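Open the model in your viewer and show side chains as sticks. The stops below say what to select and what is found there.

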Amino acid sequence: MKQRKFILLGMVLLTMLLSACSSAADTVSYNISKDSDEFRVIRRVVFYNSLTDTYIMEMVGNISVDIDRDNVIEVIAKVGPDKYQKHYLGLSDNVTYTVEQLGTSDVSEYDYKLIFKPEKIIPIDFEYKKGEEPMDGVVTE
C-alpha cells in the first residue's frame, strides 16, 4: 500500500515538473516575442525561391513580423528613433521565408514587463482659444 502511495506521489511530482518546463519555455517565448514587437530584437527575414534555389529578398533590423494572414507577411521595421516602415510580403507555392533572430535576448522565465504608453492611454489633445468664444455649457453675461 505504501509503495502505491510513493508511486502515485512520484507520478504527480513528475507531471508537475514536466508541466513547469513547458510553462517556462512558453513564458520565455512570450517574452522574446514581446521584445521583438517592441523593436528590441534584431532579426533577419529572408525570402527564398525553392524552384530557382535563390534568395529573393532579405531584411535585417529591428523588425516585428506578423504572420496571421494567409500567404501574406506583415513586417514593421523601426528605421529611426520615431520612424517606422510597414511592408506586406506575399508568399506563393514556390516562395518560402525564414525569420532569424540574430542576437540573444535577455529575458527571464520569472520576470515580466509592464509597458505603459501614455499617448495610448489618454489620447487627449488640448486646445486653448483666446477670445470672446464661451466654453460649452457655460453661460457668460
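Start with the aromatic rings: this predicted model holds 3 aromatic pairs. For one of them, select Y48 and Y55, whose rings meet edge-to-face. Their centres are 5.8 Å apart, with 80° between the planes. Turn on the surface to compare the two partners. Y48 has a relative accessible area of 27% and is partly exposed, whereas Y55, at 62%, is exposed.

Next, select R43. This residue sits in strand β1, which covers residues 42-49. Does R43 have a salt bridge, or none? None: R43 is buried without one, and the nearest side chain of opposite charge, D37, lies 5.6 Å away. Because a salt bridge needs a nitrogen and a carboxyl oxygen within 4 Å, the 5.6 Å to D37 is too far to count. What the side chain of R43 does have is a polar contact with the side chain of S36, at 3.2 Å.

Keep R43 selected and show its neighbours. Leaving aside residues up to four places away in sequence, R43 touches S36, then a run of residues including M59, V60, G61, I63, S64 and V65. The contacts of R43 also include V99, E100, Q101 and L102.

Now move to the charged pairs. Side chains of opposite charge can pair when their charged atoms come close. The model has 4 salt bridges.

Select D35 and R40 for one of these. Their closest N and O atoms are 3.2 Å apart. Which partner is buried, and which is partly exposed? D35 is buried, with a relative accessible area of 7%, while R40 counts as partly exposed at 44%.

Select E58 and R44 next. Their side chains form a salt bridge with an N to O distance of 3.6 Å. E58 belongs to strand β2 (residues 54-69) and R44 to strand β1, so this pair ties together parts that are 14 residues apart in sequence. Both partners are partly exposed: E58 has a relative accessible area of 47%, and R44 has 25%.

The next selection is E74 with K86. Here the salt bridge spans 3.7 Å, N to O. What does this pair tie together? E74 lies in strand β3 (residues 72-80) and K86 in strand β4 (residues 83-90), so the bridge links parts that are 12 residues apart in sequence. E74 is buried, with 11% relative accessible area, whereas K86 is partly exposed at 48%. Add E100 to a selection of R44 and E58: salt bridges that share partners join these three residues into one network.

For the last stop, return to E74 in strand β3 and display its surroundings. Not counting residues up to four places away in sequence, E74 touches S64, V65, D66 and R69, among others. K86, the salt-bridge partner of E74, is also on the contact list, as are H87 and Y88. S64 and V65 were met earlier too, among the contacts of R43.

Key. Residues numbered from 1 in each chain as written. Predicted model: local features only at pLDDT ≥ 70, side-chain atom pairs only at ≥ 80, totals over all residues. Heavy atoms only, no water. Phe/Tyr/Trp six-rings, centres within 6.5 Å; stacked < 30°, edge-to-face > 60°. Buried < 20%, exposed > 50% of the residue type's maximum accessible area, 1.4 Å probe, protein only. Helix = DSSP H or I, 4+ residues; strand = E, 2+ residues; numbered from the N terminus. Lys, Arg positive; Asp, Glu negative; His and termini not counted. Polar contact = N/O pair within 3.5 Å; in protein donor to acceptor, adjacent residues only side chain to side chain. Contact = heavy atoms within 4.5 Å.
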